[in-house]
Amino acid sequence: MGEAQKIFLNGLEEVFPVGLDSESSGFQTATILGEKIFVIGGPDDGSNLSIGIRIFDKSTGKWDVPTVLGIKPTPCKGHSVFLIKKERILILKGDSTPDDCAWFLEVDTPYVREQKKLLETEVVAWSKGVKCEGPKPIVISGPSGVGKGTLISKLMKEFPSTFGFSVSHTTRAPREKEKDGVHYHFTKRSMMEKAIQDGKFFEFASVHGNLYGTSVEAVQVVADAGKRCILDIDVQGARQVRASSLEAIFIFICPPSFEELEKRLCGRGTETEEQVQKRLRAAKVELEQGKSSDLFDHILINDDLEACYETLKKLLGLDGSMEAIYQSSPKTLEHPKDSLVSDMDQKVLIQCGSPELGEVSKSLFILDVSSIKGGAPGQTRGLNMYGIDPFADGLNGLKQLQNPVY
Ligand SMILES: Nc1ncnc2c1ncn2[C@@H]1O[C@H](COP(=O)(O)OP(=O)(O)OP(=O)(O)O)[C@@H](O)[C@H]1O
Ligand SMILES: Nc1nc2c(ncn2[C@@H]2O[C@H](COP(=O)(O)O)[C@@H](O)[C@H]2O)c(=O)[nH]1
């Protein structure tokens, strides 16, 4: 409060609607898409805990506060905005840490359009921008008791720096040795349903009478740690992940026989007889769907545990040489403080601070968003950022800098 309010109109000179800033304080930007103006910044429902979003509809002259899905960025003192392909707004946070500077606010992507239909409100969705593709997550499915957890534990034990487990949410009660936050996030149904409504889940399903789901955050935590994510989910969940922005490898685990599955499930001793019967009924359906559909990239039979584990490792390329690849290259953007940014058709030129002449080449970067993938409710992958030399012939240096907005 007290500081003069700044509103940047994405480099466009347009008559701003009367009353835009009458109630707000803080840094804001406005991006025009058709009849709508997306105002990003300022206070968010009074809490000031995240970046607020409002939409002004020029045709009706009315303001709308949209439903905001996905994981929101933390607030920042200032930001720059660029409209990409008329479907998402790239937000470069000023004064941010390297792994937190590039975010996307999706305003008209297929995901947002689908959510608008479902929720019957205005919808926007946040997605964090990350540099490299990263290794594809692995989805492991199969009937209860087939040995998914056993195989995953072996992988995590042998390759602790390569794999990270996506900790699901569930409404079922914890078993004796299960720890909250490690095996599952044990949660109340009402809380989980609210989080699902808020777009915080990649997938969810009712399994054996309880709600299970993979949150966007669970996958993000693993990616942020530079690891390859493993999801242990049922077939309904696998189908939803296949349809989502998360590109994964899908593996279905089969028992050698139905009798053996029953033996393992009973032998585990974690379910009552009634629950075992429920799981076995579901297993029949899952086995049919898993084996017959083209949902899965690989089907493994878990007869002898060691043999199955070796096959799993082989198909994941874990023959020693791949381990080094998964210790992946830097995955986050290096975003300089106090930058000057400029929009060049899916390439953004960023100039940092006020460089001394001899250091100019170090302070200019191009952020290329032409080959981005994924998106809300998960991360937007494939951002490319590189330093440039402004005096190099081909680029024609600083002449490229147009419409500075920040
Ligand atoms: N190849 C195998 N041969 C014999 N027993 C096995 C084999 N694989 C796993 N088991 C045993 O089967 C039981 C069930 O395994 P596990 O808990 O890993 O199954 P799951 O697929 O993860 O089940 P859920 O989906 O219910 O979590 C465990 O007691 C485990 O030790
Ligand atoms: N769709 C999802 N299914 C999940 C998830 N986490 C676990 N599961 C599946 O539920 C059953 C039962 O698990 P249990 O721990 O109660 O034995 C099993 O098939 C899991 O694969 C999830 O997040 N989404």
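The exercises below concern the surroundings of ligand 1 in a predicted model.

**Exercise 1.** Describe the shell of residues that surrounds ligand 1, first by its members and then by class.

*Solution.* Begin with the count: 15 residues surround ligand 1, and the closest are Ser144, Lys148, Gly149, Thr150 and Arg268. Next, sort the shell by class, which gives 3 nonpolar, 6 polar and 6 charged residues. Finally, assign residues to helices: α2 (148-158) and α6 (258-268) each supply at least two residues of the shell.

**Exercise 2.** Identify polar contacts of ligand 1, taking a pair of N or O atoms within 3.5 Å as the criterion, and then state how much of the ligand's area the protein buries.

*Solution.* Take the backbone first: an N or O atom of the glycine 145 backbone lies 2.9 Å from an oxygen atom of ligand 1. Turn then to the side chains, where a polar atom of arginine 279 lies 3.2 Å from an oxygen atom of ligand 1, while a polar side-chain atom of asparagine 302 is placed 2.8 Å from a nitrogen atom of the ligand. For the area, ligand 1 taken alone exposes 640 Å², of which the protein buries 73%. As a last step, consider the space itself: the one taken by ligand 1 is the largest pocket.

**Exercise 3.** Characterise the chain over the region that UniProt annotates as "domain: Guanylate kinase-like".

*Solution.* Fix the boundaries from the record, an unreviewed UniProt entry whose annotation covers residues 135-317. Over those residues the chain is 44% helix and 21% strand, and the C-alpha atoms at the two ends are 12 Å apart.

Definitions and conventions: Residues are numbered from 1 along each chain as its sequence is written. Chains are lettered from A and ligands numbered from 1 in the order in which they are written. This is a predicted model: local features need pLDDT of at least 70, side-chain atom pairs count only at pLDDT 80 or more; totals for chains, interfaces and linings use all residues. Side-chain values use heavy atoms; hydrogens and water are left out. A residue is near a molecule or strand if one of its heavy atoms lies within 4 Å of it. A polar contact is a pair of N or O atoms within 3.5 Å; within protein, one must be able to donate a hydrogen and the other to accept it, and residues adjacent in sequence count only if both atoms are side-chain atoms. Accessible areas come from the Shrake-Rupley method with a 1.4 Å probe; for residues, only the protein chains shown count as cover. On a 1 Å grid over the protein atoms alone, a cavity is a set of points where a 1.4 Å probe fits but cannot get out, and a pocket is an open set with protein on both sides within 12 Å along at least five of seven lines; lining residues have an atom within 4 Å of a point. A molecule sits in a cavity or pocket if more than half of its atoms lie within 2 Å of its grid points. Helices (H or I, at least four residues) and strands (E, at least two) are DSSP runs, numbered from the N terminus. Ala, Val, Leu, Ile, Met, Phe, Trp, Tyr, Cys and Pro count as nonpolar, Asp, Glu, Lys and Arg as charged, and the others, Gly among them, as polar. UniProt positions are given in the numbering used here, feature names are shortened, and annotations may be inferred rather than shown by experiment.
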